[in-house]
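Here is a short briefing for a first look at this structure. Keep the sequence and the 3D view at hand as you read.

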Amino acid sequence: MTRTKSRRGLKFLLGILAALVALFFLAEISLRVFIAQQIKTSFLDSAPESVTVEREPKVYFGAQPVLFGLATGKIHHINLDLPSTLTPDSTYIAGTPSAKINATGFILDPDDPRADRVEVHTILPQAVVRDMLQRELGASLEESGDDSFPGYTQILSVTNVQANPDNSTFTITFSNGAFAVELRPNIQNGQPVFEAVSTELLGRTLPDFFSDAVSVALKRGLNDQVVGTMKIERFDVVDGGFAVTIIGENVHFNELQV
């Protein structure tokens with residue numbers, strides 16, 4: 001009789017435990033779906049109105065339960081795979097390129113979402129770099145302080161940026177091919193540095209200050225529009241653009257440029 005009651009009690013406890021586990025998994029799945037949907041909606045709402053986003057963002061949380069993160073206010077790990085929202089063929093390129101974002105220690109704050117560590121992988125198309133350079137170059141030439149600057153005020157139109165992955169350089173063409181600058185990117189202490197490989201105007205070499213001004217303009221544009229408070233870990237020349245990896249600590253997502 002006692003053994004029968006003990007077995008029934010054990011079965012009852014096991015049934016309760018199984019129900020709690022099932023409820024936990026159900027709550028975990030529901031929470032993941034809810035947070036992912038909030039992120040997707042926020043991303044799509046921030047895209048330029050003129051852009052049709054080709055696919056939805058993808059959100060991954062890893063193996064550690066999100067419920068534990070909800071209790072502590074911090075999700076251990078979250079991965080975002082974001083599509084491009086760049087406006088095609090416009091004078092001013094708005095939106096952001098596609099990106100994969102890995103965040104560790106993601107803090108659940110609707111007003112100020114942030115993470116202990118963030119790593120961003122993105123591809124900057126050639127057209128984005130061209131647009132970035134066009135906006136920054138004039139100011140960089142003025143700051144160069146060279147008396148020759150007035151002679152170049154009429155040739156500031158950036159026609160094209162062409163990636164040359166075979167030799168890890170890229171060529172910037174101005175004024176429909178009137179002159180060009182070939183640069184090789186490097187990273188020093190988390191900042192981009194551009195080495196001038198060649199600088200020519202109608203077959204003649206341009207002064208050093210011009211290639212320096214182009215380099216400064218690119219660095220400023222990257223810091224203002226892509227990197228922000230983070231650091232560049234990689235800047236590789238690839239077909240059609242530039243593969244960039246950015247890392248940062250204590251990153252506020254509202255300040256994230258990419």
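The points below cover the largest pocket, the largest nonpolar core and one buried strand residue. The model is predicted. Its largest pocket has a volume of about 870 Å³. Its largest nonpolar core has 53 residues.

**The largest pocket**

- The pocket is lined by 29 residues, and the closest to its centre are Ile39, Ser42, Phe43, Pro113 and Phe253.
- Three elements give two or more residues each to this lining: helix H1 (2-46), strand E2 (74-82) and strand E3 (99-107).
- Helix H1 gives the most, with 8 residues.
- By class, the lining holds 20 nonpolar, 8 polar and 1 charged residues.

**The largest nonpolar core**

- Ile172, Phe174 and Val214 have the most contacts inside this core.
- Helix H4 (residues 208-227) supplies the largest share of the core, 7 residues.
- Both domain 1 (10-108) and domain 2 (127-224) provide at least three residues each.
- Ile172 touches many residues beyond its neighbours within four places in sequence; among them are Leu133, Val158, Phe179, Val181, Val214 and Leu218.
- Asn160 is also in contact with Ile172.

**Ala99 in strand E3**

- Ala99 sits in strand E3, one of the elements that help line the largest pocket.
- Ala99 counts as buried because its relative accessible area is 4%, and the cut-off for buried is under 20%.
- Ala99 and Thr122 lie 23 residues apart in sequence, yet their C-alpha atoms are 4.5 Å apart in space.

Key: Residues numbered from 1 in each chain as written. Predicted model: local features only at pLDDT ≥ 70, side-chain atom pairs only at ≥ 80, totals over all residues. Heavy atoms only, no water. 1 Å grid on protein atoms, 1.4 Å probe; cavity = no way out; pocket = protein on both sides within 12 Å on 5 of 7 lines; lining within 4 Å. Points joined across faces, edges and corners; volume = space filled by probe spheres on them. Helix = DSSP H or I, 4+ residues; strand = E, 2+ residues; numbered from the N terminus. Nonpolar A, V, L, I, M, F, W, Y, C, P; charged D, E, K, R; others polar. Core = buried A, V, L, I, M, F, W, Y, C linked by side-chain atoms within 4.5 Å. Buried < 20%, exposed > 50% of the residue type's maximum accessible area, 1.4 Å probe, protein only. Domains from an automatic or database assignment. Contact = heavy atoms within 4.5 Å.
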